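Trainee: Could you pick one part of this model and take a close look at it with me? I'd like to understand what its residues are doing, one element at a time.

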Amino acid sequence: MAAAVVLGGPAGWWRWHRRVRAASAAMVCSRAMASKTPVGFIGLGNMGNPMAKNLIKHGYPVIAYDVFPEACKEFQDLGAQVTDSPADVAERADRIITMLPSSPNAIEVYTGANGILKKVKKGSLLIDSSTIDPSVSKELAKAVEKMGAVFMDAPVSGGVGAARAGNLTFMVGGVEQEFDAAKELLICMGSNVVYCGEVGTGQAAKICNNMLLAISMIGTAETMNLGIRLGLDPKLLAKILNMSSGRCWSSDTYNPVPGVMEGVPSANNYQGGFGTTLMAKDLGLAQISATNTKTPVPLGSQAHQIYRMMCAKGYALKDFSAVFQFLREEESL
């Protein structure tokens, strides 16, 4: 009864209760907004562009840089800050994601004359989603650690479509205690974020995945080509494969035969998607790792040679599923 008097009766109690709930909600909102501090994003190509856009969609202010200034223009229109160098990104953000084409690009962005490490702040979290040599990731991690920051490798799988939809799979390597901090950002761009172990293990998982992807894509292309030449309708053959034991991602999600599926590179003259040059690069990384670990990878080696031949024969800029077209034209193989 005394409490009711102090609070002004039942009506006063309800006013007090609403104020407490409002204050609690405000505190939760404040904590949520506190985590939405600026995120640096370096590398706005086919994959980086939609990844950075998904961060913006989730409320993160983005500080962007790309070696090609025209890649940054639409991000300015979306409200992102655009900088002149990776060092400038590091000066303005203590969480940075990089998405770069190759090991040399990653080395330059991190350790170059205007690289991240020139102005990185102590305690910064640096996440590299490029696909590069695991040994390079380890060297970059050492250099970052000397500056008092944290480096994690987090390459992705899923391609441009998954990047746009925010359904990428991230394979993360680094200090386990930092995984949750990395996941907070990565889950905005992917549906699966998997901790793999120490620095470099994310890259290891990625190159193993892409070696299998290349092998299965070549196998799908060979199978479809043979079936068509035997008189089978390609859509019918794809349907049969996808309800049988030969089913795989290359057959049911990313079919390489024009006219079988919509919304995939084979339906658009093999434009967009994951470039043949990049697949050849990833297979090269797998070959280096196989050599270093004395691991026999005969199919991976053959796949590497096929994609290298494709690059030499004018397919470099086409999606890697263009191996179907390549095989159709290369009777001698």
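Mentor: Happy to; we'll follow the chain from helix 5 to strand 6, taking salt bridges, helix faces and strand pairing in turn. First, some housekeeping: residues are numbered from 1 along each chain as its sequence is written, and side-chain values use heavy atoms, with hydrogens and water left out. This is a predicted model, in which local features need pLDDT of at least 70 and side-chain atom pairs count only at pLDDT 80 or more, while totals for chains, interfaces and linings use all residues.

Let's begin with helix 5, which spans residues 86-92 (helices, H or I and at least four residues, and strands, E and at least two, are DSSP runs numbered from the N terminus). Nine salt bridges are found in the structure, a salt bridge being a side-chain nitrogen of Lys or Arg within 4 Å of a carboxyl oxygen of Asp or Glu. One of them pairs the side chains of Glu-91 and Lys-119, at 3.6 Å from N to O. Glu-91 belongs to helix 5, whereas Lys-119 sits in the loop between helix 6 and strand 5, so this pair ties together parts that are 28 residues apart in sequence. Asp-88 comes into the picture too, because Asp-88, Glu-91 and Lys-119 are linked in a network of salt bridges. As for exposure, Glu-91 is partly exposed, with a relative accessible area of 47%, and Lys-119 counts as partly exposed at 36%. The cut-offs are under 20% relative accessible area for buried, over 50% for exposed and partly exposed in between, using a 1.4 Å probe and protein chains only.

Next along the chain is helix 6, residues 103-111, with Ser-103, Ala-106, Val-109 and Tyr-110 as its buried residues. Look down the axis of helix 6 and these buried residues fall within an arc of 130°, so they line one face of the helix; the arc is taken from the directions from the helix axis to the C-beta atoms. Turned away from that buried side is a face carrying Pro-104 and Glu-108, which are exposed.

Now for the strands, which count as paired if DSSP finds at least two bridges between them. Strand 5 (residues 125-128) and strand 6 run parallel, joined by four bridges. To find this pairing on screen, look for Leu-125, which stands opposite Val-150 in strand 6. Between the two strands, the chain passes through helix 7 (residues 134-146), making a right-handed β-α-β crossover. Right-handed here means that, with the strands pointing away from the viewer, the path from the first strand over the helix to the second runs clockwise.

Helix 7 has a salt bridge of its own, where the side chains of Lys-142 and Glu-139 meet at 3.6 Å, N to O. These two residues are three apart in helix 7, which means that about one helical turn separates them. Lys-142 is partly exposed, with a relative accessible area of 47%, and Glu-139 counts as partly exposed at 48%.

We finish on strand 6, residues 150-153. In a regular strand, side chains alternate between the two faces of the sheet. Here Val-150 and Met-152 point one way, Phe-151 and Asp-153 point the other way, and all of them are buried.
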